[in-house]
Amino acid sequence: MIFSRKRSQFLLFFVDFLILILSLYLSLCIRKNHFPSFSLFISHAIHFLLIWFVFLISMYTLNLYSIDKSFVSRHFIFSLFICACIALLIGTGYFYIIDLQSMQPKTILILAITFSYVFIIVWRNIYDCISRKANKQLKYIFIGYNETFFDIVNASLMDNYVNFMPIALYTTNTKSLPNQVKDSIVILENPIDLQDFIRKENI
């Protein structure tokens, strides 16, 4: 990992929070057609604190700060969309209750939530790519073969943050192996080959 688990999660949270702030600022720029003053930004940010809190808590509740799974997945995108919808609903209800028509908050709310959704996806993809390159791939050997072989391989390569890399299969019953397995991974048939391979690959 780039940092320890706790520091990595804090980094994700901190950048997410900065993205929420940036998204509000960009929304004000678009809505007002000019760069907002500091006082104008603060007057809006005060009312967006609740919305930001709901957004981040929703992300935490849906386990979007777990670093054990890849962020490049449909599950992450869909879960983040749910968080955005929750924040949008809470924000709409909040602005309806306090009735800040002079601030035109609902338009800014939609823009801010949309920007936040897109930017967080981009940020998490960047983080995922950097993490995978920084992590040393952990090599492992399958002992024995069964029908779950490809499911385990795909999960190791695609879903796991730790980035495992299957490199060989040890089995004494090679005759029953499908050709697809033989073509996709190194097959080791006896203990001597296994020992030599482990020594060679430094597993």
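Helices (H or I, at least four residues) and strands (E, at least two) are DSSP runs here, numbered from the N terminus.

**Entry 1: ground rules**

I am working with a predicted model, in which local features need pLDDT of at least 70 and side-chain atom pairs count only at pLDDT 80 or more, while totals for chains, interfaces and linings use all residues. My numbering starts from 1 along each chain as its sequence is written, and my side-chain values use heavy atoms, with hydrogens and water left out.

**Entry 2: the whole chain**

I read the pattern along the sequence as α-α-α-α-β-α-β-α-β-α. That comes to seven helices and three strands.

Next I looked up burial, where buried means under 20% relative accessible area, exposed over 50% and partly exposed in between (1.4 Å probe, protein chains only). Of the 203 residues, 37% count as buried. The chain exposes about 12,200 Å², an area from the Shrake-Rupley method with a 1.4 Å probe; for residues, only the protein chains shown count as cover. Carbon and sulfur atoms supply 65% of that exposed area.

I then turned to contacts, meaning heavy atoms within 4.5 Å. Among those with a separation of 6 or more, 71% come from residues 24 or more positions apart.

**Entry 3: α1 against α2**

How do the axes of α1 and α2 cross? I find them coming within 10 Å and crossing at roughly 135 degrees. That makes α1 oblique to α2. My axes are lines fitted to C-alpha atoms, for helices over the stretch in contact, and angles run from 0 to 180 degrees between N-to-C directions. For the wording, angles under 35 degrees count as roughly parallel, over 145 as roughly antiparallel, 65 to 115 as roughly perpendicular and the rest as oblique.

I noted a right-handed crossing for α1 and α2. A crossing is right-handed if the near helix is turned clockwise from the far one by less than a right angle, and left-handed if anticlockwise. On the α1 side the contact includes F13, D16, F17 and L20, and on the α2 side it includes F48, W52, F55, L56 and M59. I sorted the residues of this contact into 15 nonpolar, one polar and two charged. Here Ala, Val, Leu, Ile, Met, Phe, Trp, Tyr, Cys and Pro count as nonpolar, Asp, Glu, Lys and Arg as charged, and the others, Gly among them, as polar.

**Entry 4: D16, up close**

D16 lies in helix α1 (residues 5-32). Buried or exposed? D16 counts as buried because its relative accessibility is 0%. Beyond its neighbours within four places in sequence, I see D16 in contact with L56, M59, Y65, I120, W123 and R124.

**Entry 5: α2 against α3**

The axes of α2 (residues 38-61) and α3 (residues 74-98) come within 9 Å and cross at roughly 155 degrees. So α2 is roughly antiparallel to α3. This crossing is right-handed too. In α2, residues including H47, F48, I51 and F55 take part, meeting an α3 set that includes L80, C83, A87, I90 and Y94. The residues of this contact divide into 15 nonpolar, three polar and no charged.

**Entry 6: two loop asparagines**

Most residues other than glycine have a negative phi. I therefore flagged N33, in the loop between α1 and α2, with its positive phi of about 60 degrees and, at 69% relative accessibility, its exposed status. N63 sits in the loop between α2 and α3, and its phi is near 65 degrees, also positive. At 53% relative accessibility, N63 counts as exposed.

**Entry 7: a strand residue**

A168 is in strand β2 (residues 164-170) and is buried, with a relative accessible area of 0%. I paired A168 with I141: 27 residues apart in sequence, 4.9 Å apart in space, C-alpha to C-alpha.
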